[in-house]
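Work through the exercises below with the sequence and the model open. Each task is followed by a solution in steps.

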4 protein chains.
Amino acid sequence: MSNDVPTRTLDLGCTFRYSSLAPTAAVFQVAGQESPTAKILQESWEVTGDLPMHHYRDLYDNPCTRLVLPVGVTTLTYSARATVPDAFDSWDESAAEIAPTELPDEVLVYTLASRYCESDVLAGQAWKKFGHLDPGYHRVQAVNTFVNEWLTYLTGSTTSTVTAMDAFATGRGVCRDFAHLMITFCRALNIPARYVHGYITDMDVPSPGTPMDFHAWTQIWLGDRWWDFDPRWNSPRKGRVIIGTGRDAADVAMVTTYGAPWLQLMTVTAQEAVE
Amino acid sequence: MSNDVPTRTLDLGCTFRYSSLAPTAAVFQVAGQESPTAKILQESWEVTGDLPMHHYRDLYDNPCTRLVLPVGVTTLTYSARATVPDAFDSWDESAAEIAPTELPDEVLVYTLASRYCESDVLAGQAWKKFGHLDPGYHRVQAVNTFVNEWLTYLTGSTTSTVTAMDAFATGRGVCRDFAHLMITFCRALNIPARYVHGYITDMDVPSPGTPMDFHAWTQIWLGDRWWDFDPRWNSPRKGRVIIGTGRDAADVAMVTTYGAPWLQLMTVTAQEAVE
Amino acid sequence: MSNDVPTRTLDLGCTFRYSSLAPTAAVFQVAGQESPTAKILQESWEVTGDLPMHHYRDLYDNPCTRLVLPVGVTTLTYSARATVPDAFDSWDESAAEIAPTELPDEVLVYTLASRYCESDVLAGQAWKKFGHLDPGYHRVQAVNTFVNEWLTYLTGSTTSTVTAMDAFATGRGVCRDFAHLMITFCRALNIPARYVHGYITDMDVPSPGTPMDFHAWTQIWLGDRWWDFDPRWNSPRKGRVIIGTGRDAADVAMVTTYGAPWLQLMTVTAQEAVE
Amino acid sequence: MSNDVPTRTLDLGCTFRYSSLAPTAAVFQVAGQESPTAKILQESWEVTGDLPMHHYRDLYDNPCTRLVLPVGVTTLTYSARATVPDAFDSWDESAAEIAPTELPDEVLVYTLASRYCESDVLAGQAWKKFGHLDPGYHRVQAVNTFVNEWLTYLTGSTTSTVTAMDAFATGRGVCRDFAHLMITFCRALNIPARYVHGYITDMDVPSPGTPMDFHAWTQIWLGDRWWDFDPRWNSPRKGRVIIGTGRDAADVAMVTTYGAPWLQLMTVTAQEAVE
C-alpha cells in the first residue's frame, strides 16, 4: 500500500475448547498472514498447560500450528493485532485474463479440479454462461455476480462433503460454497482461482446478535497478481486478513484433528481495535 | 377428436435383433397405445421361430409384451398402422394448475420423487426460478422453455444412470434428460408430471441421414387432464403415439432383459403411411 | 393363519401435531392394513375441529387419508386395535427364487430401479457378492445378513435424500437405509423386492427410554408370495402390521405435505393391548 | 541402491499426436524422474517444427513441460534411457505407521481429502474394515489386498470424473481407480498416501497384443519414507520409473490442454533396452 492510504487497526483472534479422550494431534490454521495489504503487528498464543506448539508452513506456505491435545479439556486462544487499509478491496477493471499459454508456471495448479471444485463436471455450464463474454476483469465479475445471485445464503444448509456441484444444484450454501462455485467456474474457463480463509470485520452478520465467524472468499489471477473476489457479497469489503489460501476448503481447514475430540466452544473475534 | 379434424395415417414399428447365450426373459414396451388422439388401426408382431409372446398391462396400464429369448439370434418386429390428428399438440392457455388440495387421488403419485427425478434435491431451484410466476399453463410453459434452453442436446452425452440433477449440473442431455428435468421441476412445484415414451414422426433429426429413434417427452396435469409438453423442442409437434407412461424412464424402458443378450440391431420406423 | 396359532392383540396408533401458516394439503399413510397375518379389529381417527378426511387407496392399493390442514394448529390421531399371530415371521427355507421368465406380470415392477434403490449402479456388487450362491431362500437370507452386518445402525445418520448407494458407501443408516440396500441387491439379482412401512412391537429400541417409532423393512418374492425380510435385525420378529408397501420410501411416506407446515410433535404407539 | 544390486536398463517414452484448430497451451507430465531407485541416463524430446518447450517443476516438484500447440498437427515424442534395480519393489514388514502426532509437517497434506479421494465420505468404511488391525506395514498391505480383490479391472469402466467412492460402489475400475481407493482408505486411517503416475515394464497386459500404457499406483508413508504399494496387482513388481506424484490423478495428468485439440495418437514405450 502506498503511504497515503489511511489504515485501521484490528483485533483478531479465536478460542477453541476441546475435550479429548485420548491424546490427539491437531493442526490449527487460524493465524493471520502478512499480505500486500495486511500487516501483523503482534500476535500471541495461549493454551491450557502451556502445551508445546510447533509452527510451520504448509505446501501453500500458510502458517500452521501443531500441537497434541492431551486427555481432558484444552483451550487454545490466538490473538493478533493487525493493520489493514481503511479502504475497500482494490480492483482494476482493466486487469486482463492471462491466456494459459502465458500464465506463470506456479499458478497452473489453480486451474485444476479439486475436492470440492469439480471444474470438469461444470465445464459445460461455465462456457454456456460466460464463454461468450470478453475475457478480463468484467467476465470474472460476471461470474461473481452470477454466483452471488444463484446461491441463497442459508446457515446450516451445507455439510463438510458438499461440493460446488451440489451447491449449484440445490441453490443454497454458506460462504464456503459461494467460494467453491466461483472457483469452479473460473477454473473451467482456464482462469486460475484459489480459496481464501480468513478474518474480515466488514461482515454483515445475518442478524444482530449472530456471533462472529471466520470467512471464506476467493482470489482470482488477473494480470500479474491475485485479486480478491467475494461472491458472498458481490461488492468490495474492507478489512480482510488472510489465514490461508489453497485449492479449496480441504486445504485450509481452521482445525484438522486426527481423532474425534469434542469441540465444546469456538469463538471468533474480528473488530476495530479499541485503543 | 371431433370429426372435423383431418387425420394422418402413420406406419410405426421397430425391429430388435438379439443374440443370447442363455434363455433370457425380455419385456418389450414398443406397442402404440390408443389415446384421446391416436387410434391404432392394426398391429402385428413377428418373431423368429414364432416364439410364444405374452401380452399384459403393467402397473401404469401400459401394454407390455413378454417372451423368452432362446439361445441364438432372435429378431422381433412390431408394426402398426395408426391415425393421429393432422394437427399440432393441443394446448389451452387457460388450463389451471390444480392445488394439491384438489388434485384427484390417482395423480398424486406423480408429485413424488422417482429414480431419475430428484424433485426433493432440486426443490430450491424450482421455487427460485418459477415460484414467483402465476400458477397455470404459462408457468408450466415457462418451465418447458427453461429446460429447452438450459440443456444442450448432445447425442451420447447421457448414460442409463444420469439423473435430472446430473443433467441440470452438466447442462447436456438427450430427450430423456430433457423430460426428466421438466418433470422434476414440475413435481417440486406440486404439479403432477409424468414421463412419456413413444413414437413421433415430426422429429427434426439432428442431421439428414440420422436414423429414426423413439422419443421421450412429458405430460403435465392441468385442469382435468394430462397435456403434452415437450422440452426437447419447446413447440407443439404433430403425430405423437404413446407407447408407455410412468414416473420416469425407469418405468418404461423399451426393452428390459433379465440377463445380458447382445443387441445386434435396433431400428425404429415412424412415418407417413404410403398408400 | 390357521386357527391353532395363538394371537396377540395390539394397540397401534400415532399422533401428529402441525402448525400451518396457510391451508396445506396433507396425505397420511399411517393406518394399519389387513394382511394374511394381521387383522384390524377397529380403528378410529380424531382430528382437531373434526376436519373432513378423505380415505382412498393409492397406486399400490395402500390406504391413504387426505385432509387440508387449516391455518393454525391441527392435531391428528389414529388409533387401532389389531391382532397378529403370537409367532415369529414365517419363513420357508425351500422357497424358491422364481426365474424372470416365470415371474407373475404384476411383480416385475419390483425388479426395476427406483428413487432410493439404484440397482443399476450396484449391480456389479450384487453379482460379485451373491451371484455364485444357489438361488432361493438362502441366497436372499445371505443378502439380508450381509446388509445387517455392512451397515451400522446410527440414529441421525441419514437424510431424506440418502440412497442405497450412499448407505453402501458410508456404511451407516437407519431402518430405511437397511431396507433400501437389501431391496437394491435383490433387484440387481432379478429378485422382486419391495419396501414396507409399518408398525412393529418387537423393536429393540436402542436404549430404554427411546421413543417408539415406525419401522421399515422389506418383502421379497419367493415361490408364490411375498416374505418379510428385515435386515435391521436379521432375525424373525413378532407383531408386524403393514401400513404401506411400495418401491421404496418415496412411495410410502408417513406424511406428505404440499407446503411446509411445522411438525410440532409426533408420537407412535405399538404395544400389547391391555384389556 | 547399494552397489551390489544388479540393474536393468530400460527404454521409456511416449508419442502424442495432436491436431489443433487454435494455438493451445499444453503441459506434458511424461518425463521420468530420478528417484532412490531409478536413474535417468539420458532423455530427449522431439517435436514437430522444433517448437520451443519450457521445462519447470510443479508444486509437488514434478518435472513438467509446457508448449503451445500451433494450428495443425503436432507430434511430440519423449524418449529416455533409465536404469532400475533388477529387483522387486522393496518392502519392510516392520515399517511402522507413524502417529499423526509424529508425522513430518510436509506429509500431512497427504492425509487430506482430494478431488478423487473422498476420505471423509469413506471414513466409516475404512475404520470398520481396517480399524481393528495392528497399525503398520501389514495393515497397509491388508488395505492393498482388499482393494485388489474389491475392484474388478475392466478396461473402459471409468471416466475422468469417477471417484474412489464411485469405484467402491460399482466395484470396477482401472489402475487409476485402484490407486484412488487405496489412497482414500489410508488417508481415512490417518496414513499419508499419494498417487504415482509412471512407467513400468513389468505389466501383465490383459492379453497379448494389448498396447503398452502408462501406469498408476500409490506410495504410502511408513517409518521415514514413501513405499510403493500397487493395488492393481497386489504383489511387488520390477522396474518402476516415476513421472509424477500428487494427491490424486487431478494433479498428475499426463497431458493437460487448455482447449480441445484432437488427440490422434498416443503410444507408450517401456521395455528392456536392447543394446
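**Exercise 1. The axis between chains A and B**

Task: find which residue of chain B comes closest to the rotation axis, and state how chain B is related to chain A.

Solution. Step 1: B:Ala169 comes closest of the residues of chain B, with its C-alpha at 3.1 Å from the axis. The model is a predicted one, in which local features need pLDDT of at least 70, side-chain atom pairs count only at pLDDT 80 or more, and totals for chains, interfaces and linings use all residues. Residues are numbered from 1 along each chain as its sequence is written, while chains are lettered from A and ligands numbered from 1 in the order in which they are written.

Step 2: a turn of 180 degrees with a shift of 0.0 Å along the axis lays chain B on chain A with an RMSD of 0.0 Å. The two copies are thus related as by a two-fold rotation axis. The superposition is by least squares on the C-alpha atoms of residues with pLDDT of at least 70 in both copies.

**Exercise 2. The contact of chain B with chain A**

Task: state how many residues each chain gives to the contact, and which helix of chain B gives the most.

Solution. Step 1: eleven residues of chain B and eleven residues of chain A take part. Contact means that the C-beta atoms of two residues, placed from the backbone, lie within 7 Å.

Step 2: helix 1 (123-130) and helix 3 (164-170) of chain B each supply at least two residues of the side that touches chain A. Helix 3 of chain B gives the most, with four residues. Helices are DSSP runs of H or I with at least four residues, strands are runs of E with at least two, and both are numbered from the N terminus.

Step 3: by class, this side of chain B has five nonpolar, four polar and two charged residues. Ala, Val, Leu, Ile, Met, Phe, Trp, Tyr, Cys and Pro count as nonpolar, Asp, Glu, Lys and Arg as charged, and the others, Gly among them, as polar.

Step 4: 100% of the interface residues of chain B are also interface residues in chain A, so the copies meet through the same surface.

**Exercise 3. The contact of chain B with chain C**

Task: give the residue counts on the two sides and the classes on the side of chain B.

Solution. Step 1: 24 residues of chain B are in contact with 25 residues of chain C. Step 2: the side of chain B that touches chain C holds 14 nonpolar, five polar and five charged residues.

**Exercise 4. Strand 9 of chain C**

Task: decide whether the residues on the two faces of strand 9 of chain C are buried or exposed, then list pairings of this strand.

Solution. Step 1: eight of the eight residues of strand 9 (residues 193-200) of chain C are buried, so this strand is largely enclosed by the rest of the structure. A residue is buried if 20 or more other C-beta atoms lie within 10 Å of its own, exposed if 12 or fewer, and partly exposed in between, with C-beta atoms placed from the backbone.

Step 2: in a regular strand the side chains alternate between the two faces of the sheet. On one side C:Ala193, C:Tyr195, C:His197 and C:Tyr199 are buried, and on the other C:Arg194, C:Val196, C:Gly198 and C:Ile200.

Step 3: strand 9 of chain C pairs antiparallel with strand 10 (residues 215-222) of chain C over six bridges, and C:Arg194 has C:Gln219 as its bridge partner there. Six bridges also join strand 9 of chain C to strand 12 (residues 240-246) of chain C, again antiparallel. In strand 12 of chain C, C:Arg240 is the bridge partner of C:Ile200. Strands pair if DSSP finds at least two bridges between them.
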